[in-house]
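Work through the exercises below with the sequence and the model open. Each task is followed by a solution in steps.

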Amino acid sequence: MKIATFVKPENVGGYIKTTTKMIEIYPNPWDFHNTDKKLVSAGHYHKVVYYDLNEIAMGAPIGGQCFLETADNKKFKIHDWCGGPAAWETDGQLAAIPIWTRKFLKGTVQQIGVLDTRNMELKIFRKTFRVLDIRSFDRTTIYGYDSPIHNTETVTFDTKKEKIETLIKLAQ
């Protein structure tokens, strides 16, 4: 398996450095679990929780229903078909979540969803990806990889510059 390694942006002057070492990174789109610390926000006020995860196709990454759980035991459905793992923005109010979708002529693809816990809404951005492996979320920029196993591309996604396709208000 060929997976690029990730170096945090602050360590390399704002850029992601990649290599082609044969390594396994956990968590990843094929292997993540609700017990992962990465799914809990800073301050432990919110947690992204997945249910009914299944492979999208044989050997493909997994996806399923995704919920936001709050410190006061409230639960909000984020989306019916999310990938993972999610990544919380450094202040713990926003989370970047891969959203699976089917597009005419493109097939099954992913889009970036940004969960805003202040406004209780999910913004799904228009740009599509093959398989997202989101590694970090700093201010307005999401860092990671598209298709981490085959023809890997580095993702640097600025939420202020990308077009929003859908805005969903979360309901309890």
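**Exercise 1.** Locate Met 120 among the strands, then decide whether Met 120 is buried or exposed.

Step 1. Met 120 sits in the loop that links E6 and E7; strands (E, at least two residues) are DSSP runs numbered from the N terminus.
Step 2. Its phi is near 50°, a positive value in a residue other than glycine.
Step 3. Met 120 counts as buried because its relative accessibility is 19%; buried means under 20% relative accessible area, exposed over 50%, and partly exposed in between, with a 1.4 Å probe and protein chains only.

The model is predicted: local features need pLDDT of at least 70 and side-chain atom pairs pLDDT 80 or more, while totals for chains, interfaces and linings use all residues. Residues are numbered from 1 along each chain as its sequence is written, and side-chain values use heavy atoms, leaving out hydrogens and water.

**Exercise 2.** Do the same for Asn 73: where does it lie, and is it buried or exposed?

Step 1. Asn 73 belongs to the loop between strand E2 (62-70) and E3.
Step 2. Although Asn 73 is not a glycine, it has a positive phi of about 65°.
Step 3. With 74% relative accessibility, Asn 73 counts as exposed.

**Exercise 3.** Find what the side chain of His 79 reaches, and which residues His 79 touches.

Step 1. His 79 is part of strand E3 (residues 75-82).
Step 2. Its side chain reaches the backbone nitrogen of Trp 81 at 3.0 Å.
Step 3. Leaving aside residues up to four places away in sequence, His 79 touches Gly 64, Gln 65, Cys 66, Ile 99, Trp 100, Leu 122, Ile 124 and Ile 168; contact means heavy atoms within 4.5 Å.

**Exercise 4.** Give the strand order of the open sheet of three strands, and explain which strands stand at the edges.

Step 1. The order is E8-E9-E10, with antiparallel pairing; two strands pair if DSSP finds at least two bridges between them.
Step 2. Strand E8 (132-138) and strand E10 (153-158) each have a single partner strand, so one side of each lacks a neighbour in the sheet and they stand at the edges.
Step 3. Six bridges join E8 to strand E9 (residues 141-146), and Ser 136 stands opposite Tyr 143 in E9.

**Exercise 5.** Find the prolines that follow the cis peptide bonds from Tyr 26 and from Gly 84.

Step 1. The bond from Tyr 26 leads to Pro 27, with omega near -5°; Pro 27 is in the segment before strand E1 (46-55).
Step 2. The bond from Gly 84 leads to Pro 85, with omega near -5°; Pro 85 lies in the loop between E3 and strand E4 (87-88).

Key
Helices (H or I, at least four residues) and strands (E, at least two) are DSSP runs, numbered from the N terminus. A polar contact is a pair of N or O atoms within 3.5 Å; within protein, one must be able to donate a hydrogen and the other to accept it, and residues adjacent in sequence count only if both atoms are side-chain atoms.
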